[in-house]
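Okay, thanks everyone, let's get going. I'll put the structure up, and then I'd like to talk through some helix packing and a handful of residues.

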Amino acid sequence: MSEVATALMKAAQTLSATGETPRLDAELLMAHALQMERSDLLLRMRDLAVPPEFAALVQRRAAQEPVAYIRGYQDFWDLRIQVTPDTLIPRADSETLIEAAERHFKDAPPVRIADFGTGSGALLLAALSLFPDATGIGIDASEAALMVAQSNADTLGFGERSEFIHASWRDENWAGRLGVCDLILCNPPYVESTLTLMPSVQNYEPHSALFAGPDGLDDYQILIPQIPALLFGAGLAIFEIGAEQADAVSEIAKSAGLTAATIADLAGKARAVVMAADAR
């Protein structure tokens with residue numbers, strides 16, 4: 001067995017109590033330490049030496065620090081997104097929102113895209129990559145997160161097509177700075193404030209982007225009533241939801257004069273509510 005293979009086996013054993021993917025985590029950290037992609041690591045394993053910093057990376061992961069924060073990035077859609085502890089880590093489940101936008105706008109792409117609570121900018125930048133003639137605006141209450149989003153936009157070549165604004169939807173008149181859009185994306189805080197999450201989330205990711213009151217609905221109740229004034233024509237608003245929130249969020253949308261449909265993720269769990277102006 002090669003030196004790297006042995007180190008990976010031991011690291012996976014160390015990480016077996018940390019999460020559900022100890023071997024994958026070990027491989028990702030080894031590839032990061034070697035400054036290569038995981039696929040290259042697996043192909044060249046026999047020829048590589050274990051870098052000295054690998055052990056420290058494994059210990060960080062053993063302390064529940066997310067792999068994305070250790071590496072400093074997360075792959076989302078077709079993009080490599082920089083992340084820091086000031087931003088949520090984009091999950092593959094959130095790609096459900098981009099897929100829904102792709103289906104809806106296949107014949108008439110959006111012109112103006114907004115991302116509420118943009119964080120790292122992942123949703124907005126994925127949408128801009130999908131719709132190359134569109135421009136976008138991302139808002140966030142965290143200036144530190146906005147710096148990450150702007151860096152991602154510049155690095156990925158979307159700097160001239162995107163704008164990032166420091167604003168909180170809890171402030172009066174926040175929506176007046178946005179103008180109308182034909183696609184609105186949002187992954188708001190939606191976790192019940194009484195829940196305790198897994199340590200890698202609870203202890204590392206920003207609570208302001210996670211928790212939203214006793215039923216997890218606080219931010220939907222603020223945001224969704226603003227949608228009719230911000231949505232242009234046949235546009236769409238797509239909000240991520242928790243698995244048990246489809247009915248409640250749909251009712252908030254209908255009360256605001258919007259139609260609402262639920263979209264499931266690849267696991268079959270309710271993942272997003274798609275809203276549009278009610279044409280009746």
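I'll take the helix pairs to begin with, then one helix by itself, then some single residues.

One thing up front: this is a predicted model. So please hear every number today as something computed from that prediction.

Right, helix packing. Two packed helices get described by the angle between their axes and the distance between those axes. Let's do that for H1, residues 3-14, and H4, residues 54-62: their axes come within 10 Å and cross at roughly 20°. That angle makes H1 roughly parallel to H4, given that anything under 35 degrees counts as roughly parallel. As for handedness, H1 and H4 cross in the right-handed sense.

Who's doing the touching? On the H1 side you've got Ala 7, Leu 8, Ala 11 and Thr 14, and on the H4 side Phe 54, Val 58, Gln 59 and Ala 62. Sort the H1 and H4 contact residues by class and you get six nonpolar, two polar and no charged. Keep Ala 11 in mind, we'll come back to that residue.

Now the second pair. H6 covers residues 95-104 and H7 covers 122-130, and these two pack at about 30° with their axes 10 Å apart. So H6 and H7 are also a roughly parallel pair, and their crossing is right-handed. H6 brings Leu 97, Ile 98 and Glu 102 to the contact, while H7 brings Leu 123, Ala 126, Ala 127 and Leu 130. The class split for H6 with H7 is six nonpolar, no polar and one charged.

Okay, on to H2, residues 22-33. Quick sanity check on the geometry: with twelve residues at 1.5 Å each, H2 should span 16 Å, and the C-alpha atoms at its ends are 16 Å apart, so that agrees. If you're doing the arithmetic in your head, remember that the rise gets multiplied by one less than the number of residues.

How many of H2's twelve residues are buried? Nine, so H2 is mostly covered, with buried meaning under 20% relative accessible area. The buried set is Pro 22, Asp 25, Ala 26, Glu 27, Leu 28, Leu 29, Met 30, Ala 31 and Ala 33. Notice that Asp 25 and Glu 27 are in there. And what do the buried residues of H2 pack against? H1, H3 at 38-44, H4, and H5 at 67-71.

Back to Ala 11, as promised. Ala 11 sits in helix H1, and its relative accessible area is 4%, so that's buried. Setting aside neighbours within four places in sequence, Ala 11 contacts Ala 26, Phe 54 and Val 58. Phe 54 and Val 58 you've just heard as part of the H4 side of the H1 contact, and Ala 26 is one of the buried residues of H2. There's a distance for Ala 11 as well: Met 30 is 19 residues away in sequence, and the two C-alpha atoms are 9.6 Å apart.

Next, for the backbone torsion people, two glutamines. Gln 35 follows H2 and is in the loop between H2 and H3. Its phi is near 60°, which is positive, and the residue isn't a glycine. Gln 64 has a positive phi too, about 80°, again without being a glycine, and Gln 64 is in the loop between H4 and H5.

Buried or exposed, then, for Gln 35 and Gln 64? Gln 35 is exposed, at 76% relative accessible area, whereas Gln 64 is buried, at 17%.

Last stop, Val 148, which is in helix H8, residues 143-156. With a relative accessible area of 6%, Val 148 is buried. Not counting residues up to four places away in sequence, Val 148 touches Gln 82, Thr 84, Thr 87 and Ser 120.

Let's follow one of those contacts. Thr 84 is in the loop between strand E2, residues 79-82, and H6. Thr 84 is buried at 18%, and beyond its sequence neighbours within four places it contacts Tyr 69 as well as Val 148.

And one long-range distance to finish: Val 148 and Glu 27 are 121 residues apart along the chain, with 26 Å between their C-alpha atoms.

That's me done, thanks.

Note on methods. Residues numbered from 1 in each chain as written. Predicted model: local features only at pLDDT ≥ 70, side-chain atom pairs only at ≥ 80, totals over all residues. Heavy atoms only, no water. Axes fitted to C-alpha atoms, helices over the stretch in contact; angles between N-to-C directions. Helix = DSSP H or I, 4+ residues; strand = E, 2+ residues; numbered from the N terminus. Parallel < 35°, antiparallel > 145°, perpendicular 65-115°, else oblique. Left-handed = near helix turned anticlockwise from the far one by under 90°. Contact = heavy atoms within 4.5 Å. Nonpolar A, V, L, I, M, F, W, Y, C, P; charged D, E, K, R; others polar. Buried < 20%, exposed > 50% of the residue type's maximum accessible area, 1.4 Å probe, protein only.
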